[in-house]
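Please work through the following exercises with the sequence and the model open side by side. Each one sets a task and then gives a solution that goes step by step.

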Amino acid sequence: MSKAAEIEIASVTKVYGSTTAVDAISLKIPSGSYCCFLGPSGCGKSSTLRMIAGHEDISSGDIRLGNTVITDFPPAKRGTAMMFQSYALFPHLDLVDNVAFSLKMKGVEKEERRTKALAMLRLMQMEAYAVRRPAQLSGGQQQRVALARALITDPQALLLDEPLSALDPFLKIRMRAELKKLQKRLGITFVHVTHSQEEAMALADLVVIMNDGKIEQAAAPRQVFERPATAFVARFMGDHNVLSGRVVAANDDILTVEVPDGQSFSVRGAGRQVGESADIGIRTDRVRLEEASDRTLGFTCVVSNIEYRGATVKITASGAGSDDFTVIASDAAYFAKPVSVGDAVSLSWCLEDVVLLGRMSS
């Protein structure tokens, strides 16, 4: 396989008419890493992937693969390969000819391209199906063929546009494990677009969360989970409650943030002045169903919904200016002291489980 290469995105913007889809983003994707772009529909993640691939023109900025600026290169000359969401296999060709198609376009001799195609099918454990047509395969098998076809060009980076979205939930999890294993075995850079938080956290070395054409955070999964950079990341990832208010006191490294209904909460942080607005994030799985010993580390609320999830129970409550404050309790903790919809309950947490959230610069 080709040597993996770092991808550098330098102040890249994509404008469609009067709409800015990608807004001057900069990012370095380390060589040999698994990078997932994550965000809601229309956030700019697929446009970014297509610009790396050369399927979309860049309005301004540059993209570099290794030491080469590839901004103006056609897709076939970039050293990247793209696997599309639809797989885009040719229904009238058998698997060998599907996989070998790009080599045929390059004028590679029939025997050589067939040998290479069979080697790629062997890598994907699909050699036994070589003479079949795509319609005779399951969704997971079609995906393996599409991967083989992308990898036969010996790319430095493989680009995947929502590759698991068409699969059923059980197959998704299995193929997720296979993608990770394949990336480790090949050692090349994978860039994968998804709208699934779980998928990104399971696969990526680097998670890039986009919103409204900008990058909100680019970090390792654990950092995104434990230290979300902004209120958007905390809400989108779903593992932190977000309370918004104003700083009313700053003592040493402890800020006191007052929310609109008058309650105040403590958070560690610096660089905020009294009177400034502030968002704080509180880990959903660290909130306890008990009264706080410090009134700035908890509040009383009313339970609005309860969902049993097996190992955990999700409790949604309203209070402290939030209509959907979430508690993820272990099944043991919940059933030792169950609550019902409509109950008034006390919630508490530790100072270590509160994060001062940053803001995107506009």
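Throughout these exercises, two residues are in contact when they have heavy atoms within 4.5 Å of each other. The model is a predicted one.

**Exercise 1. Describe the chain as a whole, and state what percentage of its residues is buried.**

Solution. Begin with the secondary structure, where the chain holds nine helices and 19 strands. Next take the extent of the chain, whose C-alpha atoms fill a box of roughly 75 × 45 × 35 Å along the principal axes. Then turn to burial: of the 362 residues in the chain, 48% are buried. Finally, consider the contacts between residues at least 6 apart in sequence, of which 66% join residues at least 24 apart.

**Exercise 2. Find the residues with the most contacts inside the largest nonpolar core, and list the contacts of Leu158.**

Solution. The largest nonpolar core has 48 residues, and Leu158 and Phe190 are those with the most contacts inside it. Helix α4 provides the largest share of this core, namely six residues. Setting aside neighbours within four places in sequence, Leu158 touches Ala81, Leu147, Ala150, Leu151, Ile188, Thr189, Phe190 and Val191. A second core, separate from this one, has 30 residues, with Val247, Ile282, Ala317 and Tyr334 among them.

**Exercise 3. Decide whether Gln143 is buried or exposed, and list its contacts.**

Solution. Locate Gln143 in helix α4. Its relative accessibility is 0%, and therefore Gln143 counts as buried, the cut-off for that class being under 20%. Apart from neighbours within four places in sequence, the residues in contact with Gln143 are Met83, Tyr87, Pro163, Leu164, Leu167 and Met175.

**Exercise 4. Characterise the lining of the largest pocket, and say which element gives the most to it.**

Solution. The largest pocket has a volume of about 570 Å³. It is lined by 23 residues, and those closest to its centre are Ala81, Met82, Ser102, Arg149 and Thr153. At least two lining residues come from each of β6 (80-83), α2 (95-105) and α4 (139-151), and β6 gives the most, with four residues. Sorted by character, the lining has 15 nonpolar, five polar and three charged residues.

**Exercise 5. Carry out the corresponding analysis for the second largest pocket, and find how many of its lining residues are charged.**

Solution. For the second largest pocket the volume is about 320 Å³. Among its 13 lining residues, Arg235, Gly238, His240, Asp324 and Thr326 are the closest to the centre. Strands β11 (240-251) and β17 (322-330) are the elements that give two or more residues to this lining, with the largest share, five residues, coming from β17. The lining residues of this second largest pocket divide into three nonpolar, six polar and four charged.

**Exercise 6. Determine how many disulfides the structure holds, and examine Cys35 and Cys350.**

Solution. The structure holds zero disulfides, the criterion being a pair of cysteine sulfur atoms within 2.5 Å. For Cys35, the nearest cysteine sulfur belongs to Cys36 and is 6.8 Å away, and Cys35 is in no disulfide. Cys35 has a relative accessible area of 0% and is therefore buried. Cys350 is likewise in no disulfide, the nearest cysteine sulfur being that of Cys301, 17 Å away. With a relative accessible area of 31%, Cys350 is partly exposed.

Terms used. Residues numbered from 1 in each chain as written. Predicted model: local features only at pLDDT ≥ 70, side-chain atom pairs only at ≥ 80, totals over all residues. Heavy atoms only, no water. Buried < 20%, exposed > 50% of the residue type's maximum accessible area, 1.4 Å probe, protein only. 1 Å grid on protein atoms, 1.4 Å probe; cavity = no way out; pocket = protein on both sides within 12 Å on 5 of 7 lines; lining within 4 Å. Points joined across faces, edges and corners; volume = space filled by probe spheres on them. Nonpolar A, V, L, I, M, F, W, Y, C, P; charged D, E, K, R; others polar. Core = buried A, V, L, I, M, F, W, Y, C linked by side-chain atoms within 4.5 Å.
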